[in-house]
Amino acid sequence: MGCGSSKTNKVIEPEKKIERDFLEEDNDNKNKNEQSPSLPNNQLKKSSLAISSKNYKLNYFDFTGRAELLRLIFAVSNTPFTDQRIKFKDWKNEKKNAPLEQLPYLEVDDNQILVQSMAIARYLATEMNLTGTDTYEQVKVDLVLDLCKEFTDCFSIYVVPEMLYPTDEKEEIIQHFIDILALRYLKNIEILIENFGQNNYAVGDQLTVADLFIHDLVTNMMKLKSAILENYPKLKKHKSQVEENENLKFYLETRDRIKLE
């Protein structure tokens, strides 16, 4: 589908594209550039999902951005991981350690390094049994992920540059994104939920990585426009259903609480 944009003068290079989360007002939160462990396992509900015994280390900046879907997968599956957060001021020196000089990247058992956020998400979702119950559901999950990735890329072209380097047209550009482009994507996501999902899930009748990606996108859109879901009842129900997951609920509450400190 694509963004249908001729707006090319302000596209940010891949490693810079979302390396600052305009949705987070405070980029000086605690524990930047520290090996911040994931949420304590003893405070999470036991999960019926597969819990890997591998050692994971996720490297990204200290905001949500392209790594947040990965953190949600870890949280929902109750999988321990090291959440390595890098300060912007240190990125120039740290860049040489990143395989493609981009973030995020994932270290597995200290000997495997994976790059590209969606490839990492699909790998983790497979490891944690979050890809559907059969091959048909897996294809449907991939369809949702691809649509959400298009939405994210469109967001990166329109919104992120204006938040990093505002122009006189900032408000007009962001409003166009909300009123035209976001509307198109949110409508299509609802169509997929209606066709593929049951019980307010995106695919099948249980939580998958597709639900987590949709939740992350919707959460970000609500920060642009708090009432954006009023015209999307299926997405509103979907968000509530996903947040019934006890591990996710705990993670979101903890994330929001830390942000306020």
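Which residue forms a salt bridge with Asp 90? In this predicted model, the partner turns out to be Lys 89, with the closest N and O atoms 3.4 Å apart. The two ends of this pair sit in rather opposite settings: Asp 90 is buried, at a relative accessible area of 18%, whereas Lys 89 is exposed, at 62%. Asp 90 gets the label buried because its 18% falls under the 20% cut-off, and Lys 89 counts as exposed because 62% is over 50%. As background, side chains of opposite charge can pair when their charged atoms come close.

Moving on to the helices, Arg 122 and Asp 142 also meet through their side chains, with 2.9 Å from N to O. This salt bridge ties together distant parts of the chain, as Arg 122 belongs to helix α4 (residues 117-127) and Asp 142 to helix α5 (residues 135-164), 20 residues apart. Arg 122 is partly exposed, at 27% relative accessibility, and Asp 142 is partly exposed too, at 31%.

Helix α9 (residues 246-260) has a pair within its own span: Glu 246 and Lys 249 lie 3 residues apart there, about one turn of the helix. Their closest N and O atoms are 3.5 Å apart, and the two residues form a salt bridge. Glu 246 is partly exposed, with a relative accessible area of 38%, and Lys 249 is likewise partly exposed, at 27%. Elsewhere, salt bridges with shared partners knit Asp 62, Glu 68, Arg 71, Asp 83, Arg 85 and Arg 255 into one network. Altogether, the structure holds 15 salt bridges.

Terms used:
Residues numbered from 1 in each chain as written. Predicted model: local features only at pLDDT ≥ 70, side-chain atom pairs only at ≥ 80, totals over all residues. Heavy atoms only, no water. Salt bridge = Lys/Arg side-chain N within 4 Å of Asp/Glu carboxyl O. Buried < 20%, exposed > 50% of the residue type's maximum accessible area, 1.4 Å probe, protein only. Helix = DSSP H or I, 4+ residues; strand = E, 2+ residues; numbered from the N terminus.
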